[in-house]
Amino acid sequence: VRFLAFKNKRQGFMVDWWFRFDSLLALMSVVETWFLPQVLLLIGSGSSLPMGPLRLLRLARLARMVRLLRYLPELVTMIKGMMVATRAVGSSLILLALMTYVFAIITFMILDGEADVEHYFGTLSLSMWTLLIDGCLMDSIGTLTR
């Protein structure tokens, strides 16, 4: 698609370095997927060539994100906001896990030996699961998970 966007195809390929890089990655992917197994089959070799280091070049495509972030400052603001919110969300999840653990211990000790709720609170892990799924989420998914 990008190739068709160039008015002068030859000059576009020579000028745009990102297009060259993407073309090289696409060519390597095609060679690795379609041609290399056929060649190894003809040779009779059961093992494949190490292509792992060449796959690392695909990570260089992420360098485009820096260019994108330069042109979209709103996106940078959103990413910074998500990074700030990560601390609050993580603290909430830790607090939820701690409270679930404490109340699971309490319910496990109180309901120990009760045959009616043995399926829900028989062990400490079952107590935590029941409190999390049926108590915190409260959308009746507990019946599906048991």
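**Close-up views of a predicted model**

**View 1. Ser 127 is a buried residue, at 0% relative accessible area.** The model shown in this and the following views is predicted. Ser 127 belongs to helix 8, which spans residues 124–137. Leaving aside residues up to four places away in sequence, the contacts of Ser 127 are Ala 104, Thr 107, Phe 108, Tyr 120 and Phe 121. One of these partners, Ala 104, is 23 residues from Ser 127 in sequence. The C-alpha atoms of Ser 127 and Ala 104 are 5.1 Å apart.

**View 2. Thr 100 is a residue of helix 6, the run of residues 73–110.** The relative accessibility of Thr 100 is 8%, and the residue therefore counts as buried. Beyond residues up to four places away in sequence, Thr 100 is in contact with Met 128, Leu 131, Leu 132 and Cys 136. Helix 8, made up of residues 124–137, is the element to display alongside Thr 100 in this view.

**View 3. A nonpolar patch on the surface consists of Leu 95, Leu 98, Met 99, Tyr 101, Val 102, Phe 103, Ile 106 and Ile 110.** Together these residues have about 750 Å² of accessible area. Ile 106, one of the patch members, is located in helix 6. With a relative accessible area of 38%, Ile 106 is classed as partly exposed. Thr 100, in helix 6 as well, is buried at 8% relative accessibility.

**View 4. Asp 112, Glu 114, Asp 116 and Glu 118 make up a negative patch on the surface.** Glu 118 of this patch is part of helix 7, which covers residues 118–121. The relative accessibility of Glu 118 is 42%, so the residue counts as partly exposed. Tyr 120 and Phe 121 are among the residues touched by the buried Ser 127 of View 1.

**View 5. Gly 142 sits in helix 9, formed by residues 142–145.** Gly 142 is buried, its relative accessible area being 0%. When residues up to four places away in sequence are set aside, Gly 142 touches Ile 133 and Asp 134. Thr 130 lies 12 residues from Gly 142 along the chain, with a C-alpha separation of 7.2 Å.

**View 6. The whole protein chain, for orientation, has nine helices and zero strands.** Read from the N terminus, the order of elements is α-α-α-α-α-α-α-α-α. The chain has 146 residues, and 14% of them are buried. Its accessible surface is about 11700 Å², with 72% of that area belonging to carbon and sulfur atoms. Among contacts in the chain with a separation of 6 or more, 36% are between residues 24 or more positions apart.

Definitions and conventions
Residues are numbered from 1 along each chain as its sequence is written. This is a predicted model: local features need pLDDT of at least 70, side-chain atom pairs count only at pLDDT 80 or more; totals for chains, interfaces and linings use all residues. Side-chain values use heavy atoms; hydrogens and water are left out. Patches are made of residues with over 30% relative accessible area and no salt bridge: like charges are joined within 9 Å, nonpolar side chains (Val, Leu, Ile, Met, Phe, Trp, Tyr) within 5 Å. Accessible areas come from the Shrake-Rupley method with a 1.4 Å probe; for residues, only the protein chains shown count as cover. A salt bridge is a side-chain nitrogen of Lys or Arg within 4 Å of a carboxyl oxygen of Asp or Glu. Lys and Arg count as positive and Asp and Glu as negative; His and the chain ends are not counted. The place of a charge is taken as NZ of Lys, CZ of Arg, CG of Asp or CD of Glu. Helices (H or I, at least four residues) and strands (E, at least two) are DSSP runs, numbered from the N terminus. Buried means under 20% relative accessible area, exposed over 50%, partly exposed in between (1.4 Å probe, protein chains only). Contact means heavy atoms within 4.5 Å.
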